[in-house]
Amino acid sequence: VTFRNPNVKVESKEGDDIYPQILIMNSHDGSSSFQFRVGIFRVVCSNGLVICTEDFGKTTLRHSGYSFEHLQSVVRELTNNIPKTIEMLNVLNKVELDENQQQAFVQKAMEIRFGNEIENIGFDSQELLKSFRKEDEGNTIWKILNKVQERLVNGTFHYSKTNNQIKKYKKARSIKNFKRDVELNERLFKLAYEYAN
């Protein structure tokens, strides 16, 4: 479940407004705790990017034995962290990556997406760095992150996979599993944050 206040946003001169949000994840059978995460929502591409760093992390709440007051305090704590989220986004929007750093970013992002299979995967970094829209043009960490993130999540890129010395070219599939989507976004944001420090 995603909670977002349409009146709380970071306005951009380019029209690329960002809305902070709180995600609540839960298992269908009650086998795991509620998980609360702070995220952001970009209107321009309708993608969710989940923030998970040492400053934000995630908060969990057991299904049993909690009060409504406790639940409120958890949500309040996450809401109070939103200014830190905005501050972090401003840093990502200022630092530019050179061509070598961009290539390295794409390589690491593909390793996140494909895991151990990456050794057999071939791809064109420029395809993943290509902008879909004017708002994503540029070399800041924020712009690079959003271009690569959107392609990896939506499957809008091509790659080759080698099995038994046979190379096959494929169009990537979009990620539809919510848990995998959240995990990928968290790891991509951590990667971007490493480049900002």
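Which residues does phenylalanine 157 touch, not counting residues up to four places away in sequence? In this predicted model, the list runs to Met110, Arg113, Phe114, Glu127, Leu128, Arg151, Leu152, Lys170, Lys171 and Ala172. That makes phenylalanine 157 a handy place to start looking around.

Let's begin with the core. Phe157 belongs to the largest nonpolar core, which has 35 residues; along with Phe105, Met110, Val148 and Leu152, it touches the most other members. Several helices feed this core: α2 (82–92), α3, α4, α5 and α6 (178–196) each give two or more residues. The largest share comes from α6, with eight residues. Apart from this core lies another one, of eight residues, and among them are Ile22, Phe36, Val38 and Leu78.

Now for helix α5, which covers residues 141–154. From its first C-alpha to its last, this 14-residue helix reaches 20 Å, close to the 20 Å expected at 1.5 Å a residue. Is α5 enclosed or open? It is largely enclosed by the rest of the structure, because 13 of its 14 residues are buried. Just after the helix comes glycine 155, with a positive phi of about 70°.

Next, the charged pairs. Side chains of opposite charge can pair when their charged atoms come close. A search of the whole structure turns up three salt bridges, and here they are:

| Pair | N to O distance |
|---|---|
| Glutamate 117 and lysine 161 | 2.5 Å |
| Arginine 133 and aspartate 136 | 3.0 Å |
| Arginine 133 and glutamate 150 | 2.9 Å |

Arginine 133 appears in two of those rows, pairing with aspartate 136 and with glutamate 150. Arginine 133 sits in the loop between α4 (125–129) and α5, while glutamate 150 is in helix α5 itself, so this pair ties together parts that are 17 residues apart in sequence. Both arginine 133 and glutamate 150 are buried. Through shared partners, the salt bridges join Arg133, Asp136 and Glu150 into one network. Aspartate 136 is buried as well.

The glutamate 117 and lysine 161 pair is a salt bridge between side chains. Glutamate 117 lies in the loop between α3 (99–114) and β6 (121–123), and lysine 161 is in strand β7 (residues 158–163), so the two link parts that are 44 residues apart in sequence. Glutamate 117 is partly exposed, with a relative accessible area of 35%.

Strand β7 leads us to the sheet. Three strands make up an open sheet in the order β6-β7-β8, with antiparallel pairing. β6 and β8 stand at the edges with a single partner strand each, so one side of each has no neighbour in the sheet. On average, neighbouring strands here are turned by 25° against each other, direction ignored. Helix α3 lies across β6 and β7, running at about 140° to β6.

How many bridges join β7 to β8? There are six, and the two strands run antiparallel. Histidine 158 has lysine 171 of β8 as its bridge partner, whereas asparagine 163 is matched with isoleucine 166. The two strands form a hairpin with two residues between them, and asparagine 164 in the turn takes a positive phi of about 50°.

Strand β8 (residues 166–171) is hardly covered: of its six residues, the count of buried ones is zero. Set that beside helix α5, where 13 of the 14 residues are buried.

Methods:
Residues numbered from 1 in each chain as written. Predicted model: local features only at pLDDT ≥ 70, side-chain atom pairs only at ≥ 80, totals over all residues. Heavy atoms only, no water. Helix = DSSP H or I, 4+ residues; strand = E, 2+ residues; numbered from the N terminus. Expected span 1.5 Å × (residues − 1). Buried < 20%, exposed > 50% of the residue type's maximum accessible area, 1.4 Å probe, protein only. Salt bridge = Lys/Arg side-chain N within 4 Å of Asp/Glu carboxyl O. Core = buried A, V, L, I, M, F, W, Y, C linked by side-chain atoms within 4.5 Å. Contact = heavy atoms within 4.5 Å. Pairing = 2+ DSSP bridges. Axes fitted to C-alpha atoms, helices over the stretch in contact; angles between N-to-C directions.
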